[in-house]
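Here is a short briefing on charged contacts and their surroundings. Please keep the structure open while reading.

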Amino acid sequence: MRSGSAPPDLRPLTALRFFAAGWVVLYAFWPNLDVAVVPTLVAKGYLGVELFFVLSGFILSHVYLAAHGEKRFSYGGFLWTRIARVYPLHLATLIGVGVLGLAAVAMGMTIDANILSWPSLPANLLMLHAWGLAPQSGWNHSSWSISAEWFAYLAFPAFALVAWRLRDRPVLAVVGAVAFMIGLYAAFQALAGFSLTEATIRWGALRIVPCFALGCALYLMHRRRTLPRPGWIAGACVLAMAVAASLAAPDGAVVLLGGGLILALASLPNTGWLASRPAVYLGEISYAVYMVLVPWQLLAVNLAARVTGAGDKKLQLFVWLAVVLALPVVAAIAHHLVERPARRVLRDLADRRAERHRVRQQATQLA
């Protein structure tokens, strides 16, 4: 197996994360814009989460698949690294939503009653609220996808086992993943009466499974060979995704085109604007953009509505743009004050524990 000329850190894929988050942001904030029309492309913005899920399977396979297959994989270390990556900001934003909700109630403001859903708090704290274990969709609703990611992290050895066995048959892996996605989407629609791509706290853990599996399979294809003219293929995938979403094509078709985009971007070298420092930085703060979306929307939209007298929380274009464009700034602050320092602390704890374990083993051997 070979990776061709593709670089190991895949910077264009890091940049893609920000654009996926931006699609979700448009979807979430559009109801606060004082317009009568919702473009279908915007209405499909929830599929930005699917891009994250496919990308997650691809990147985790890129980092850990070989170690798992060669028996060098530490499951405990892997989970701790994932916790260090996602949990601190998840906890901070959950607390932030709680503080904002309590303050709004104290000020006599009207908020969704489910935001402060105390029965749902334990599941949210344990990142289990997308497993059907939370009675209401409360607190930082966006974090349901982090709960779904946590499910995929826990199940990663199973995904890796299948992927490793198919490592010499990447086409079969991709075909199987696509068939599994199409079948699951059709079966879920028939049984539940709505699309799996619209599931959150009830079926979010299931929602990530076909996307994560597709990401793992696409990584096998990437390892086998890089795509020719990846920039052209990426551009074609973006255009096709935009057209498909605008024409209300089946969600699965848009997701598969997103998988093609990820495969193409992974074949790009670390040059060009997608690999530039600004693009990569925006990708690095994309998790914070996604996680602070709800608390920022609660705070900024309510304040803007009060200042401008928009009782229905429908903001004029320039006010709305100011609120939306401030979100990456707020996210950058959260990234530097919470996400990165907390991740560093948790990883340092793991490193010190591993060092103490190594010293004890050496002492035992010498004895």
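A salt bridge is a side-chain nitrogen of Lys or Arg within 4 Å of a carboxyl oxygen of Asp or Glu. Arg224 and Asp168 form such a pair, with their closest N and O atoms 3.5 Å apart. This is a predicted model. It holds 7 salt bridges.

**Arg224 and Asp168**
- The pair ties together distant parts of the chain, 56 residues apart.
- Arg224 belongs to helix 9 (residues 204-224).
- Asp168 sits in the loop between helix 7 (156-165) and helix 8 (170-192).
- Arg224 is partly exposed, because its relative accessibility is 23% and the buried class ends at 20%.

**Asp251 and Lys44**
- The side chains of Asp251 and Lys44 form a salt bridge, at 2.6 Å from N to O.
- This pair also links distant parts of the chain, with the two positions 207 residues apart in numbering.
- Asp251 is in helix 11 (residues 251-266).
- Lys44 lies in the loop between helix 2 (40-43) and helix 3 (48-69).
- Asp251 has a relative accessible area of 8%, so it counts as buried.
- Lys44 is buried too, at 12% relative accessibility.

**Asp9 and Arg11**
- A salt bridge joins the side chains of Asp9 and Arg11, at 3.2 Å from N to O.
- Asp9 is partly exposed, with a relative accessible area of 39%.
- Arg11 is partly exposed as well, with a value of 36%.

**A shared network**
- Arg224 pairs with Asp168 in a salt bridge, while Arg85, Glu339 and Arg343 are joined into one network by salt bridges that share partners.

**Positive surface patch**
- Arg352, Arg353, Arg356 and Arg360 form a positive surface patch.
- One of them, Arg352, is found in helix 14 (residues 317-366).
- Arg352 is partly exposed, at 44% relative accessibility.
- Patch members need over 30% relative accessible area and no salt bridge, so Arg352 clears the area cut-off with its 44%.

**A buried threonine**
- Thr93 is located in helix 4 (residues 75-106).
- Thr93 counts as buried, because its relative accessibility is 5%.
- A polar atom of the Thr93 side chain lies 2.8 Å from the backbone oxygen of Leu89.

Technical notes:
Residues are numbered from 1 along each chain as its sequence is written. This is a predicted model: local features need pLDDT of at least 70, side-chain atom pairs count only at pLDDT 80 or more; totals for chains, interfaces and linings use all residues. Side-chain values use heavy atoms; hydrogens and water are left out. Buried means under 20% relative accessible area, exposed over 50%, partly exposed in between (1.4 Å probe, protein chains only). Helices (H or I, at least four residues) and strands (E, at least two) are DSSP runs, numbered from the N terminus. Patches are made of residues with over 30% relative accessible area and no salt bridge: like charges are joined within 9 Å, nonpolar side chains (Val, Leu, Ile, Met, Phe, Trp, Tyr) within 5 Å. Accessible areas come from the Shrake-Rupley method with a 1.4 Å probe; for residues, only the protein chains shown count as cover. Lys and Arg count as positive and Asp and Glu as negative; His and the chain ends are not counted. The place of a charge is taken as NZ of Lys, CZ of Arg, CG of Asp or CD of Glu. A polar contact is a pair of N or O atoms within 3.5 Å; within protein, one must be able to donate a hydrogen and the other to accept it, and residues adjacent in sequence count only if both atoms are side-chain atoms.
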